[in-house]
Amino acid sequence: MKKKGIVYLVGAGPGDAGLITVKGLNRLREADVVLHDNLANSILLTECKSDCEKIFVGKEAGLHHVTQDKTTELLINKAKKGKKVVRLKGGDPLIFGRGSEEAIALQKAGIDFEIIPGVTAASGASAYAGIPLTHRNLVAQTVFVTAHEQSDKTAPKVDWHSLAKMKNTTLVIYMGVSQIQSVTEKLITAGMSENTSASVIENATLNSQRTFVTTIKELSKTVESNNVKPPAIFIIGPTGDSYKQMGWFENKPLHGKRIVCTRAEDQSQSLFNLLNEKGTVVVPFSTIKTKLSIPKMKIKTLFLKHKFDWIVFSSENGVRYFYELLRNEILDSRLLSGIKVAAIGSGTGKKLNEHGIQPDFVPKNFTSESLVKELSKKVNLKGKNILRVKGNFLNDPLTEGLSSCGAKVTTYEVYKTFKAKPDKHTIKDLLNKKADAVLFTSMSTVTNFFDILGNNKSLALLNNSITLAIGPVTAEELNRRGVKKVCISKVHTIDGMVEELVRIITYSKDKHKLVFKD
Ligand code: SAH
């Protein structure tokens, strides 16, 4: 019997990807087809199965919307083919989201459907700006209203006159940026006090969130002078002032800062997560790509040929690709039994943990020199058989250092790195908007960055923002290229870099506290 299709109308929440419900996320992970638009955070799509068909039904810059009829038709056709379809919608599907039109069309076509609620923009904005929608002493009712009816002649009209007269009320206005002047005029003319507290929250729940609290009289001027753009939501009512005390989100140390990350994309997730937590607007500008090497000798043969005492990893990639090769040979961590494992960096250690390996040795400082120095103090390396798992880089201070201590080092290349080719749009976006900081996590990120952008553009960008290097070797390369001031992370890890960035940005007025390398 043919599998029966189903459509889930899922609320994605207003922006922050973490605000989707557990149920919504599970449906997304199982979906065969996802229809999504601009308001749902596109990061959520990375949760989909690799063979999930993703169809964009929003508005491309400068292009037209996919019509509502076309969207509904797609939902029906995909479900008729027996697919599990998710219609991912910004906020809540049934609050100004046209979810009901889609649900009714599905019902008429005899398609099974479920509706999974989402955090609507009003709730998201209220929580993240610290402006409550109700309040025991001040507000007894909350009204969600659209300003869109102003331009949509077929929509039912909002009774602004009555709304203006309501006492002890919070008024939340959706879709109001282009209409706010006429809306506020109507409210004031109908009797709302000019001094009523009024706020606008742009990009609510995203790290680019901006909140302005003013009065209803000044609201449209505030929108204009601060160039507030959709999506933005207005909260009008007596609780606006609590933003000062309860507005936690915009107080994060790196809130709204644009931070460019040049690291290979497949290695960047932990960096993105850390930066995101601190409030930054992450600008991915990956300069490196990596891929699996096909070594001449199989791992099984290698381990039969040598009896290794130690195996040394210096990057997450090394671990990741080593295990990919193991898997390809239908082997696993048991191959390492009896062999000691050394790792540079906490990320490398964590990656090993994922495979059930607890490294025997991690140097205090995360550099090749430290590993050699500290390990040789602990262990007599003379005559020891060491397997060094690495990428395709030519010079390897680790191999040299271990060999100079008398170890017999066998290198095994498990991955190759090459220069990324960002598309024109990504490059234009990087050059046109101001960056607060650019992060370099290895010498090759520097070399590739300059190759991709050219010398002049690279220097113009870097000399106008904070340039942060993970360690001295990377900083050296930046200096050699002519970058005037380079900050170096004291701890040479991703965590260390993020901490350093917080320190620099928080204390940027306190120049003497910075570690600059001129
Ligand atoms: N179904 C959605 C609303 C869609 S209508 C929900 O429940 O939130 C689109 C309007 O929602 C925008 O014009 C804006 O007023 C509001 N909105 C959506 N996301 C927003 C965000 N991140 N910040 C501020 N307003 C947002």
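This passage describes two groups of paired strands and a surface patch in a predicted model. Local features need pLDDT of at least 70 and side-chain atom pairs count only at pLDDT 80 or more, while totals for chains, interfaces and linings use all residues. Residues are numbered from 1 along each chain as its sequence is written, and side-chain values use heavy atoms, with hydrogens and water left out.

An open sheet of 5 strands runs in the order β6-β7-β10-β8-β9, with mixed pairing; strands here are DSSP E runs of at least two residues, helices are H or I runs of at least four, and both are numbered from the N terminus. Pairing requires at least two DSSP bridges between two strands. At the edges lie β6 (141-146) and β9 (210-215), each paired on one side only. Within the sheet, β8 (residues 197-202) and β10 (residues 232-236) are antiparallel over 5 bridges, and Ile 201 has Ile 233 of β10 as its bridge partner.

Turning to the surface, Phe 144 of edge strand β6 is partly exposed because its relative accessibility is 31%; this class falls between buried (under 20% relative accessible area) and exposed (over 50%), using a 1.4 Å probe and protein chains only.

Strand β2 (residues 33-36) is covered on both faces, with Val 33 and Leu 35 buried on one side and Val 34 and His 36 buried on the other. β2 pairs in the parallel sense with β3 (residues 53-56) over 4 bridges and with β4 (residues 84-89) over 3 bridges. Val 33 takes part in both pairings, with Glu 53 as its partner in β3 and Val 85 in β4.
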